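Please look over the sequence and the three-dimensional structure shown here before reading on. The report is written for someone who is meeting a protein model of this kind early in their studies.

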Amino acid sequence: MSAIRVIMLLLVMFLVACTNRSTPTTDLTNRQWQLIELEGQPPLPLEQALSIAFDSTGRISGFAGCNSFSGDYHINGTTITLSNVAMTLIACADDAVTSQEMMFHQALQAVTQYELDAGTLTLRDENGAVRLRFQAF
C-alpha cells in the first residue's frame, strides 16, 4: 500500500473516531455550571448557587440547595443519560428550598438531551422541554 493510501486511511479512521465518540465534550467537562433556570423559573437566591459539574471520566457532582449530589453520566451525540444520582441527606431549614431541591432532583432524573450554546448548558427531557438551564462560571 502506498504511503498516501496509508495516510488517507489513518485520516478516515481518525475522523470516524471523532464523530462517533460517546465521551464527554471538553466544552461540558471540567467547569462549573450554575443553575439559572429550573422548570422555567429562576432559582431561589441562596448563599451557595445550585450547580453541576461534569468531569472527564463520566461523573457528575454538584449542589442542589441543601445537599450535594453525585452520579454518572454518558453522552452520545446530544443525548445525555444521568444515572446513579445520589444526594446527601441534610434537612433544609426552609420549606421553599426543600421544594426547589426536590424539583431540581426530579428535573435531573428526567433529562435525556443536552445543548451547549455560548456558555449556556440546557438540559431537556425526552419531549424536548427545558428542565434545567445553567451558565458556565
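What follows is a description of this model, going from the overall fold to its hairpins, its core and its disulfide.

## Overall fold

The model is a predicted one, and its secondary structure comes to 2 helices and 8 strands. Read from the N terminus, the elements follow the order α-β-β-β-β-β-α-β-β-β. The protein has 137 residues, of which 33% count as buried, and its accessible surface comes to about 8200 Å², with 56% of that surface belonging to carbon and sulfur atoms. If we take the contacts between residues at least 6 apart in sequence, 45% of them join residues that are at least 24 apart.

## Strands and hairpins

Three hairpins can be described in similar terms, and the table sets them side by side.

| Hairpin | Bridges | Residues between the strands | Residue with positive phi |
|---|---|---|---|
| β3 and β4 | 5 bridges | 4 residues | Gly65, about 135 degrees |
| β4 and β5 | 7 bridges | 2 residues | Gly77, about 70 degrees |
| β6 and β7 | 5 bridges | 2 residues | Ala118, near 50 degrees |

Strand β4 takes part in two of these hairpins, pairing in the antiparallel sense with β3 and also running antiparallel to β5. Particular residues show how the strands are matched: Phe63 stands opposite Ser68 in β4, while the bridge partner of Tyr73 in β5 is Leu82. Further along the chain, strand β6 (residues 113-117) and strand β7 (residues 120-124) run antiparallel, and there Gln113 has Arg124 in β7 as its bridge partner.

Which residues of β4 point to the buried face, and which point to the other? Phe69, Gly71, Tyr73 and Ile75 point to one face and are buried, whereas Ser68, Ser70, Asp72, His74 and Asn76 point to the other face and are not buried. This fits a wider pattern, because in a regular strand the side chains alternate between the two faces of the sheet.

## The nonpolar core and its rings

The largest nonpolar core holds 23 residues, and the members that touch the most other members are Phe54, Phe104, Leu132 and Phe134. Two or more residues are given to this core by each of β1 (32-38), β2, β4 (68-76), β5 (79-87), α2, β7 and β8. As a general background to such a core, in soluble globular proteins nonpolar side chains tend to be buried together.

Aromatic rings can also be paired with one another, and in this model the count comes to 3 aromatic pairs. In one of them, Phe104 and Phe134 are arranged edge-to-face, with 6.4 Å from centre to centre and 80 degrees between the planes. This pair links distant parts of the chain, since Phe104 lies in helix α2 (residues 95-110) and Phe134 in strand β8 (residues 130-136), 30 residues apart. Phe104 counts as buried because its relative accessibility is 0%, and Phe134 counts as buried because its relative accessibility is also 0%. Ring pairs link Phe69, Phe104 and Phe134 into a cluster.

The surroundings of Phe134 can be followed through its contacts beyond four places in sequence, which include Trp33, Leu35, Ile36, Ser51, Ile52, Leu121 and Leu123. Ser51, which lies in strand β2 (residues 51-54), touches Phe69, Phe104 and Phe134, among other residues. Ser51 counts as buried because its relative accessibility is 6%, which is under the 20% cut-off for that term.

Helix α2 also carries His105, which touches Val85 and Met87 when residues up to four places away in sequence are not counted. The C-alpha atoms of His105 and Ala64 are 7.5 Å apart in space, although the two residues are 41 residues apart in sequence.

## The disulfide

How many disulfides does the model hold? The count comes to 1 disulfide, and it is formed by Cys66 and Cys92, whose sulfur atoms are 2.0 Å apart. Cys66 lies in the loop between β3 (59-63) and β4, and Cys92 in the loop between β5 and α2, so the pair ties together parts that are 26 residues apart in sequence. The torsion about the S-S bond is about 135 degrees, so the disulfide is right-handed. Cys66 is buried, with a relative accessible area of 18%, and Cys92 counts as buried at 15% relative accessibility.

Note on methods. Residues numbered from 1 in each chain as written. Heavy atoms only, no water. Pairing = 2+ DSSP bridges. Phe/Tyr/Trp six-rings, centres within 6.5 Å; stacked < 30°, edge-to-face > 60°. Buried < 20%, exposed > 50% of the residue type's maximum accessible area, 1.4 Å probe, protein only. Contact = heavy atoms within 4.5 Å. Areas by Shrake-Rupley, 256 points an atom, 1.4 Å probe, with all protein chains shown as cover. Core = buried A, V, L, I, M, F, W, Y, C linked by side-chain atoms within 4.5 Å. Disulfide = S-S within 2.5 Å.
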